[in-house]
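Please find below my notes on this two-chain model, written for a colleague who has not met the structure before. They go from the chains taken singly to the contact between them.

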Amino acid sequence: MNEIKRTQQRARAYNLSDGIAEIVAGGALVLIGCVSLAANRVDSDTLRYLSLVNMFALALLSWWIVRMLKERITYPRTGYIRSPKPRLSYGLRFALNFAICMITVTLLDKFKGDTRFGQAFFLVWILMISVPMAVLAIRSRIPRFLIIATVTVATALIVTFGGVPETERIAFVMAIPGATAVVTGTYALKSYLKLHPKPDEDAEL
Amino acid sequence: MSFEFSSDPDRVIHEPARLKIMSMLSVLDCADFIYLMGETGLTRGNLSVQLRRLEDAHYIMVSKEFKGRTPRTIASMTQQGKKAFKAYRKYLARLLKATS
C-alpha cells in the first residue's frame with residue numbers, strides 16, 4: 001500500500017518537479033510587483049490600471065508559457081501526463097479569484113485610514129497564500145515551496161511592521177517571494193536537466 | 001470486515017509493473033509512454049507487453065496522438081479499470097487488516 005501511495009504522490013507532484021511553473025509564476029510576480037511599485041512611486045493612475053491589467057494578462061500568458069516550455073523541455077525527457085480536471089472549471093476559478101481581488105481592493109479602500117485593520121487584513125491575506133503553499137510543500141514532498149512560503153510570510157511581516165507605506169506592501173510581497181520562486185525554480189530546473197539529459201530524436205515508439 | 005484467505009487478488013493488476021502503471025493512472029487523467037517507462041523502469045518492449053495486457057483486460061485505453069510531427073502514445077484508465085483498481089485496493093486493505 002505504501003508503494004502505491006508513493007507512486008501516486010510522485011505522479012501528483014510531477015508537474016511541479018521541473019521548476020518551470022515556479023520560474024514563470026515567480027517572474028510574473030516580480031513583474032507585477034515592480035509595475036505596482038512604479039505606479040505608487042510615480043503616483044500615476046494610468047500605471048495603476050496598467051498594473052491591474054498586467055496582473056490578469058500575465059496570469060493567462062503564464063499558463064501558455066509554462067505549457068510551451070514543458071513541451072520543449074520536460075515532455076521529451078520524462079514524458080507527458082495530464083492531471084485530472086479540477087472540480088471547479090477554469091472560468092469559475094478565474095471569476096472567484098477576480099471576485100476575491102475586487103473584495104480585497106474594496107475593503108482596503110474603505111478602511112484606508114484604519115492602520116490596524118489594514119495590517120491585520122494584509123497579514124490574513126498573506127497567510128491565505130502561504131498556508132496552502134506550505135501544505136503543498138508537505139503533500140508533494142517538495143521542500144522548496146516551504147522556502148517560498150516562509151519568505152512570503154517574512155516579507156509580509158517586515159513590510160507591515162518595518163514602516164513600508166501601505167500602498168507599496170503588496171508590491172514587495174509579490175516581488176520578493178516571486179524572485180525567490182525564480183531562484184528555487186531555476187535550481188530545480190538545473191537539477192532536473194542534469195538528471196535527465198536530452199533524449200534521442202526518435203525516442204517515441 | 002472478514003477476509004477469505006482462499007480468494008485471489010486480481011492477477012492482472014497484481015503483477016508489480018502493472019500495479020505501478022495502474023497506481024499512476026488512478027491519480028492522473030493520462031500519461032504517455034515515456035513517462036510510464038521512466039517510472040516503471042521497464043524496457044520499451046516489456047512496457048508495451050504490460051500495457052497490452054491491461055488493454056486486453058479493458059482496464060486501460062491506449063491511443064496515439066501527434067504533437068506536431070512527434071507521435072505520442074497515451075494511456076488512460078477506463079471506468080472498468082477504475083472499479084477493478086478500487087476493488088484491488090480494498091482486497092489489500094482487508095488482507096492487511098486480517099494479518100495485522
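**Notes on the predicted model**

1. Chain B has five helices and three strands, where helices (H or I, at least four residues) and strands (E, at least two) are DSSP runs numbered from the N terminus. Starting at the N terminus, the order of elements in chain B is α-α-β-α-α-β-β-α, and the C-alpha atoms of this chain fill a box of roughly 55 × 25 × 20 Å along the principal axes.

2. A word on conventions: the model is predicted, local features need pLDDT of at least 70, side-chain atom pairs count only at pLDDT 80 or more, and totals for chains, interfaces and linings use all residues. Residues are numbered from 1 along each chain as its sequence is written, chains are lettered from A and ligands numbered from 1 in the order in which they are written, and side-chain values use heavy atoms, with hydrogens and water left out.

3. Chain A contains seven helices and one strand, and along its sequence these elements follow the pattern α-α-α-β-α-α-α-α. Its C-alpha atoms fill a box of roughly 65 × 40 × 30 Å, again taken along the principal axes.

4. Within chain A, the residue A:M133 belongs to helix α5 (residues 115-140). Apart from its neighbours within four places in sequence, A:M133 is in contact (heavy atoms within 4.5 Å) with A:F145, A:I148 and A:A149. The C-alpha atom of A:M133 is separated by 27 Å from that of A:G163, which is 30 residues apart from it along the chain.

5. Turning to the strands, β2 (60-67) of chain B and strand β3 (residues 70-77) of chain B pair in the antiparallel sense over eight bridges, pairing being accepted if DSSP finds at least two bridges between two strands. One of the positions involved is B:V62, whose bridge partner in β3(B) is B:A75. The two strands form a hairpin with two residues between them, and B:G68 in the turn has a positive phi of about 70 degrees.

6. Which strands make up the open sheet, and in what order? The sheet has four strands in the order β1(A)-β1(B)-β3(B)-β2(B), with antiparallel pairing. Its edge strands are β1 of chain A and β2 of chain B, each of which pairs on one side only.

7. The sheet thus includes a pairing between the chains, since β1(A) and strand β1 (residues 30-32) of chain B pair in the antiparallel sense over two bridges. In this pairing A:R82 stands opposite B:C30 in β1(B). As background, strands of a sheet pair through backbone hydrogen bonds, either parallel or antiparallel.

8. The contact between the chains takes 26 residues from chain A and 27 residues from chain B. Chain A and chain B bury about 2,500 Å² between them, 58% of it on carbon and sulfur atoms; buried area is the accessible area (1.4 Å probe) that two parts lose on being put together, summed over both.

9. Between chain A and chain B the count is three salt bridges, each a side-chain nitrogen of Lys or Arg within 4 Å of a carboxyl oxygen of Asp or Glu. On the side of chain A that touches chain B, α1 (2-17), α3 (45-78) and β1 (81-82) of chain A each supply at least two residues. The element that gives the most is α1(A), with nine residues. By class this side has 11 nonpolar, five polar and 10 charged residues, with Ala, Val, Leu, Ile, Met, Phe, Trp, Tyr, Cys and Pro counted as nonpolar, Asp, Glu, Lys and Arg as charged, and the others, Gly among them, as polar.

10. Over all chains, a search of the whole structure finds eight salt bridges. Among them, A:R10 forms one with B:E39, the closest N and O atoms being 3.1 Å apart. Because A:R10 lies in helix α1 of chain A and B:E39 in helix α3 of chain B, this pair joins two chains.

11. The same search for aromatic pairs finds two over all chains, rings of Phe, Tyr and Trp (its six-membered ring) being paired if their centres lie within 6.5 Å, with planes under 30 degrees apart counted as stacked, over 60 as edge-to-face and the rest as tilted. The rings of A:Y14 and B:Y35 have centres 4.7 Å apart and planes at 65 degrees, so this pair is edge-to-face. A:Y14 lies in helix α1 of chain A and B:Y35 in helix α3 (residues 33-40) of chain B, so this pair, too, joins two chains.
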